[in-house]
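I opened this entry to keep track of what I looked up in the model. The notes follow the order in which I went through it.

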Amino acid sequence: MYRTLRCDPKLFEKDLLGRTCIVTGANSGIGLETARQLVRQGAHVVLACRRVDAGKEAAAAIAGGRGTTAVMPLDLGDLDSVRRFARAFLDQYDRLDALVNNAGLSVFSLQRTVDGFELMFGVNHLGHFLLTELLLDLLQASAPSRIVIVSSLIHAGSAGNRLTIHFDDLGYEKRQFAAMQAYGESKLANVLHARELAKRLEGTGVSAFSVHPGWARSELPGSSLVRFMQNVVPRPVSPLLTLMSTSLVRFIQNVVLRPVSPLLTLISNEDGAQTSLHCLLDDDAPSHSGAYFSQSGILYSDKACRAGGWPMRSPNENAHDDALARRLADVSRELVGQGT
Ligand SMILES: NC(=O)c1ccc[n+]([C@@H]2O[C@H](COP(=O)([O-])OP(=O)(O)OC[C@H]3O[C@@H](n4cnc5c(N)ncnc54)[C@H](OP(=O)(O)O)[C@@H]3O)[C@@H](O)[C@H]2O)c1
């Protein structure tokens, strides 16, 4: 059994009054718990959510701390929505102390964003890449500031199949689509993004980290299962599943998975937020800017990694390749229309 890594309780006594943070995908799971703790400590947290109603529900659920919240719409699968979010944020705020690129999804079939990118690469990486670029000047003006990018241990692949970035076919137009591989590639892009940001921002007081949050009992396992079922059930049943999907996800999360969580070594969402919070709050974290921080995880195929580490060396050598990280940043900049 591997010990769940938790923040030093002293970090939760830090006063965050006057600090402004953005958490993407803050309406559920790990993002909600990250936002809750920051609000508890006095920060003003902008919940950047695809569904504003769900964001407002989340804001109400975490109200009562010393801090405050605002909900702003952000669909990372639509680059115009990312630009609108950034414009609205920059109009309303004159500082940004922490950007938590937390939102993410995992799907079982080849789907595309509004702009035509493969959905997981588009939402998990490109949407966040553009968001970060648009907020970078303000992050630098507010330094010391931090960027946390929530990745996954899936970025590592396995010893026989280390994942990389396929620049010749980012959109799965030539390759056979493989859901887990596509998710893993988007999460490798997250790790490389943090690495490249750290290099580019050296000396500016802005630090960047990538994170594996652990295998948490968020809506992600439930919604992945529902999406999988939608693909395999006969066509007449599929719309019914879509109609019931929200209740079904909550049922899987709270009824099906809860009793078997210890057996599966699933952790709570609160524990799932610990790695991001450590990167946000620990005084020593900026001296590891660019590094990968991992919760413990039995799903690592490399046994040596299962205890996790804050920070930890990724078993995927491609995650340490600066040339790959730089090329990904250049290509991403072109794809999101920020090329020079
Ligand atoms: N749970 C795990 O075991 C685990 C393991 C490794 C990594 N992660 C990573 O942890 C992060 C948080 O996930 P979670 O586990 O907390 O899952 P979750 O409860 O499903 O939360 C995911 C969040 O991302 C949001 N999102 C999805 N697509 C979006 C889009 N196009 N634009 C804006 N927001 C979008 C979701 O919004 P809606 O509610 O509107 O869908 C939701 O708020 C993700 O990056 C995930 O890949 C999770």
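I started with Tyr-2, in a model that is predicted. Its relative accessibility is 32%, so Tyr-2 counts as partly exposed. I located Tyr-2 in the segment before β1 (20-24). I then looked for a surface patch and found Tyr-2 in a nonpolar one with Trp-215, Ile-298 and Leu-299. Together these residues have about 330 Å² of accessible area.

Next entry: the sheet. I traced an open sheet of eight strands with mixed pairing, in the order β3-β2-β1-β4-β5-β6-β7-β8. The edges are β3 (68-73) and β8 (309-312); each has a single partner strand, so one side of each lacks a neighbour in the sheet. I noted an average turn of 20° between neighbouring strands of this sheet, direction ignored.

I checked two strand pairs. The strands β1 and β2 run parallel and are joined by five bridges. Within this pair, I noted Val-45 in β2 as the bridge partner of Cys-21. The strands β5 (residues 145-150) and β6 (residues 206-212) also run parallel, and I recorded six bridges between them. There, Ile-149 has Ser-210 in β6 as its bridge partner.

I then asked which helix packs on the sheet and which strands it touches. I found helix α9 (residues 274-281), in contact with β4 (98-101), β5, β6, β7 (292-294) and β8. The direction of α9 makes about 160° with that of β5. Eight of the eight residues of α9 are buried, so the helix is largely enclosed by the rest of the structure. The buried residues of α9 include Gln-274, His-278 and Cys-279, and Leu-277, Leu-280 and Leu-281 are also among them.

I turned to the cover on β2 (residues 44-49). Six of its six residues are buried, and I put the strand down as mostly covered. In a regular strand, side chains alternate between the two faces of the sheet. I therefore listed β2 by side: His-44, Val-46 and Ala-48 on one, Val-45, Leu-47 and Cys-49 on the other, with both faces covered.

For a single position inside the sheet I took Ala-208, which lies in strand β6. Its relative accessible area is 0%, so Ala-208 is buried. Leaving out residues up to four places away in sequence, I listed its contacts as Ile-147, Ala-194, Leu-197, Ala-198, Ser-289, Gly-290 and Ala-291. I also looked up the separation of Ala-208 and Gly-297: they are 89 residues apart along the chain, and their C-alpha atoms are separated by 22 Å.

I looked at one loop residue, Asn-102, found between β4 and α4. Asn-102 has 11% relative accessibility; the limit for buried is under 20%, so Asn-102 counts as buried. With residues up to four places away in sequence not counted, Asn-102 touches Val-23, Thr-24, Gly-25, Ile-30, Gly-31, His-128 and Val-150.

Last entry: salt bridges. I noted 17 in the structure. How far apart along the chain are Glu-133 and Arg-333? The pair links distant parts of the chain, 200 residues apart, with Glu-133 in helix α4 (residues 119-141) and Arg-333 in helix α10 (residues 322-335). Their side chains meet in a salt bridge at 3.7 Å, N to O. Both Glu-133 and Arg-333 are buried.

I followed Arg-333 to Asp-330, with which it forms a salt bridge whose closest N and O atoms are 3.2 Å apart. Both lie in helix α10, three residues apart, about one turn of the helix. Asp-330 has a relative accessible area of 42% and is therefore partly exposed, whereas Arg-333, with 17%, is buried. Salt bridges that share partners join Glu-133, Glu-196, Arg-200, Asp-330 and Arg-333 into one network.

I checked the pair in helix α5 (residues 179-200) as well: Glu-196 and Arg-200 are four residues apart there, about one turn of the helix. The closest N and O atoms of their salt bridge are 3.0 Å apart. Glu-196 has 10% relative accessibility and so counts as buried, while Arg-200, at 33%, counts as partly exposed.

How values were computed
Residues are numbered from 1 along each chain as its sequence is written. This is a predicted model: local features need pLDDT of at least 70, side-chain atom pairs count only at pLDDT 80 or more; totals for chains, interfaces and linings use all residues. Side-chain values use heavy atoms; hydrogens and water are left out. Patches are made of residues with over 30% relative accessible area and no salt bridge: like charges are joined within 9 Å, nonpolar side chains (Val, Leu, Ile, Met, Phe, Trp, Tyr) within 5 Å. Accessible areas come from the Shrake-Rupley method with a 1.4 Å probe; for residues, only the protein chains shown count as cover. A salt bridge is a side-chain nitrogen of Lys or Arg within 4 Å of a carboxyl oxygen of Asp or Glu. Buried means under 20% relative accessible area, exposed over 50%, partly exposed in between (1.4 Å probe, protein chains only). Two strands pair if DSSP finds at least two bridges between them. Axes are lines fitted to C-alpha atoms, for helices over the stretch in contact, and angles run from 0 to 180 degrees between N-to-C directions. Contact means heavy atoms within 4.5 Å.
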